[in-house]
Amino acid sequence: MLNDDFSFRFGIEQEYTMFDHTGKHPYGWPTNGYPGPQGPYYCGVGADRVQGRKIVEAHYRACMYAGVKIAGTNAEVMPSQWEYQVGPCEGIDMGDHLWVSRYILCRVAEEFDVVISFDPKPIDGDWNGAGCHTNISTKAMREEGGMEHIVKAIEKMSTKHDEHIREYDPTNGKDNARRLTGLHETASIHDFSYGVANRGCSIRIPRQCEKDGYGYFEDRRPSSNCDPYAVTSIIIKSICQ
């Protein structure tokens, strides 16, 4: 009934990292040493900047064939790290579509002798981690004057930050603690913050939504290995409290 009343819609941005067949060495990285610093890889093109595009595109086609609501894909900040987007989905459908998309990704990568990692911090050091940014809206948020409802929802979620962190990875926050450091486009796991067009916040309100006065918001805290059912469940509970 809650989802019927609020008409919750979700869109999830699933980040992941490709490894070679051993599952230990990032796919396409030098055998000895590291690739160049982060910067040119995000949304990159060219064999000197991206690895694994054939896998990415095969996964996209397989998801479309399977009826998964895949909506986009892009190379990420760290080399051999990618993202795809699923949604918009209503309520529990979000979890259904994301779990199936993960299975298809691992199965497609198998054909290329590549292992997919959903670890939120697969490589230590000055490299971005991997998240599962979750975009949320209700019917009221999508209508004229929706910004008021967006801010109210975020403020409700702010009072339950610790509860959300425990639900946002399968180890009650221990995995995410390696990723949410306040560096590499993350907010600290210990603090809650929100802002407009700020990738360093816990929750980001898109610039276009601020301009329009309605739309959605993005929770940047969920880890790449999160349970999407747990994530969407606690978001709904917090907003509807």
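In the protein, 69% of the contacts between residues at least 6 apart in sequence join residues at least 24 apart. The model described here is a predicted one, and its secondary structure comprises nine helices and eight strands. The C-alpha trace spans about 50 × 40 × 35 Å along its principal axes. For a chain of 241 residues, a compact globule would have a radius of gyration near 18 Å, and the value of 18 Å found for the protein agrees with this expectation.

Of the 241 residues, 50% count as buried, while the accessible surface amounts to about 11500 Å², with 51% of that area belonging to carbon and sulfur atoms. With regard to charge, 26 side chains are positive and 34 are negative, and the centres of these two sets lie 1 Å apart.

Helix 3, formed by residues 93-110, contains 18 residues and reaches 26 Å from its first C-alpha to its last, which is close to the 26 Å expected at 1.5 Å a residue. The buried residues of this helix are M94, G95, H97, L98, S101, R102, I104, L105, V108 and A109. Their packing partners include three further helical and strand elements from the earlier part of the numbering, namely strand 1 (9-19), helix 2 (53-66) and strand 3 (81-90), and the buried residues of helix 3 also pack against strand 4 (115-117), strand 5 (132-137) and helix 9 (228-239).

One of the residues in strand 1 is F10, which is buried, because its relative accessible area of 1% falls under the 20% cut-off. When residues up to four places away in sequence are not counted, F10 touches V86, G87, P88, C89, G91 and M94, and its contacts also include T134, N135, I136, T232, I235 and I236. M94, one of these partners, is itself among the buried residues of helix 3. The separation between F10 and E90 is 80 residues in sequence, whereas their C-alpha atoms are 6.3 Å apart in space.

Two of the residues touched by F10, G87 and P88, are joined to each other by a cis peptide bond, for which omega is about 0°. P88 is located in strand 3, and strand 3 is in turn one of the elements against which the buried residues of helix 3 pack.

A second buried site is provided by H164, which lies in helix 6, residues 161-167. The relative accessible area of H164 is 0%, and the residue is therefore classed as buried. Leaving aside neighbours within four places in sequence, H164 is in contact with M157, D219, R221, I234, I235 and S238. I235 is thus listed among the contacts of H164 and also among those of F10.

Positive phi angles were also examined at residues that are not glycine. S7 has a positive phi of about 55° and is placed in the loop between helix 1 (2-6) and strand 1. A197 likewise has a positive phi of about 55° although it is not a glycine, and this residue is situated in the loop between strand 6 (194-196) and strand 7 (203-205). With regard to accessibility, S7 is buried, with a relative accessible area of 13%, whereas A197 is partly exposed, with a relative accessible area of 37%.

Note on methods
Residues are numbered from 1 along each chain as its sequence is written. This is a predicted model: local features need pLDDT of at least 70, side-chain atom pairs count only at pLDDT 80 or more; totals for chains, interfaces and linings use all residues. Side-chain values use heavy atoms; hydrogens and water are left out. Helices (H or I, at least four residues) and strands (E, at least two) are DSSP runs, numbered from the N terminus. The expected span of a helix is 1.5 Å times one less than its number of residues. Buried means under 20% relative accessible area, exposed over 50%, partly exposed in between (1.4 Å probe, protein chains only). Contact means heavy atoms within 4.5 Å. The radius of gyration is taken over C-alpha atoms; the globule rule is 2.2 Å times the number of residues to the power 0.38. Accessible areas come from the Shrake-Rupley method with a 1.4 Å probe; for residues, only the protein chains shown count as cover. Lys and Arg count as positive and Asp and Glu as negative; His and the chain ends are not counted. The place of a charge is taken as NZ of Lys, CZ of Arg, CG of Asp or CD of Glu.
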